[in-house]
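Trainee: Got a minute to go through this model with me? I'd like to get the overall picture and then poke at a few details.

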Amino acid sequence: MDTVQALDHTIHRADEAAHRFGVTPAEVADRLRDVHHLDEQGRSAYAAGTALGALVSIASAHEDDCGKDDCLTCAAIRDALAVNLAGLRTLRLEAAERRHWV
Ligand SMILES: [Zn+2]
């Protein structure tokens, strides 16, 4: 699966979840305006930072409610935190390196 196919797959799953949670096309358009003026790195940082912030909120809420020893949601949260932290730290490193190149 190449990058475009992977993104299409993720977008499809996110579209389905957004529909179930009542996200409107106007809300998506509003967010598109938020990132339209950013460069590729800025858009990536915005998306990763926003996703990580939401993930931390979800993790905190779930932690308060979860008492299970073997929880699939906790496992998914742990995996998503690791992936998002790795991505965000990489973006931060690239931004710092780019600052010194210019
Ligand atoms: Zn749990």
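**Helix packing and overall fold**

Mentor: Sure, let's start with a packing detail: helix 3 and helix 4 cross in a left-handed way. Bear in mind that this is a predicted model.

Trainee: OK, at what angle do helix 3 and helix 4 pack, and how far apart are their axes?

Mentor: The angle is about 150 degrees, and the axes of helix 3 (residues 40–65) and helix 4 are 9 Å apart. That makes helix 3 roughly antiparallel to helix 4, since angles over 145 degrees count that way.

Trainee: Which residues show that pairing, say around Leu 55?

Mentor: Take Leu 55 and Leu 81: they sit 26 residues apart along the chain, with 7.3 Å between their C-alpha atoms. Leu 55 belongs to helix 3.

Trainee: And is Leu 55 buried or exposed?

Mentor: In between. Leu 55 has 17 other C-beta atoms within 10 Å, so it counts as partly exposed, as 20 or more would be needed for buried.

Trainee: Zooming out, how many helices and strands does the chain have?

Mentor: There are 4 helices and 0 strands, and the order along the sequence reads α-α-α-α. With a radius of gyration of 16 Å, well over the 13 Å from the globule rule for 102 residues, the chain is more spread out than a compact globule.

Trainee: What does the C-alpha trace span along its principal axes?

Mentor: About 50 × 30 × 30 Å.

Trainee: And how much of the chain is buried?

Mentor: Just 1% of the 102 residues. Helix 4 is a good example: the number buried among its 30 residues is 0, so helix 4 lies largely in the open.

Trainee: What's the end-to-end reach of helix 4?

Mentor: Helix 4 runs over residues 72–101 and reaches 43 Å from its first C-alpha to its last, close to the 44 Å expected at 1.5 Å a residue.

Trainee: Let's switch to the start of the chain. What about helix 1?

Mentor: Helix 1 covers residues 3–20, which is 18 residues, and its 26 Å reach is close to the 26 Å expected. The number buried there is 0, so helix 1 also lies largely in the open. Thr 3 is part of helix 1, and Thr 3 is exposed, with 7 other C-beta atoms within 10 Å.

Trainee: How far is Thr 3 from Arg 98?

Mentor: Their C-alpha atoms are separated by 23 Å, and Thr 3 and Arg 98 are 95 residues apart along the chain.

Trainee: What comes after helix 1?

Mentor: Gly 22 follows helix 1, and its phi is positive, near 75 degrees. Helix 2 takes up residues 25–36; its end C-alpha atoms are 16 Å apart, which agrees with the 16 Å its 12 residues should span. Helix 2 is hardly covered, with a buried count of 0.

Trainee: Last one: where do the domain bounds fall?

Mentor: The domain assignment gives domain 1 as 1–37 and domain 2 as 40–102. Their centres, taken over C-alpha atoms, are separated by 17 Å.

Key. Residues numbered from 1 in each chain as written. Predicted model: local features only at pLDDT ≥ 70, side-chain atom pairs only at ≥ 80, totals over all residues. Helix = DSSP H or I, 4+ residues; strand = E, 2+ residues; numbered from the N terminus. Expected span 1.5 Å × (residues − 1). Buried ≥ 20, exposed ≤ 12 C-beta atoms within 10 Å, placed from the backbone. Rg over C-alpha atoms; globule rule 2.2 N^0.38 Å. Domains from an automatic or database assignment. Axes fitted to C-alpha atoms, helices over the stretch in contact; angles between N-to-C directions. Parallel < 35°, antiparallel > 145°, perpendicular 65-115°, else oblique. Left-handed = near helix turned anticlockwise from the far one by under 90°.
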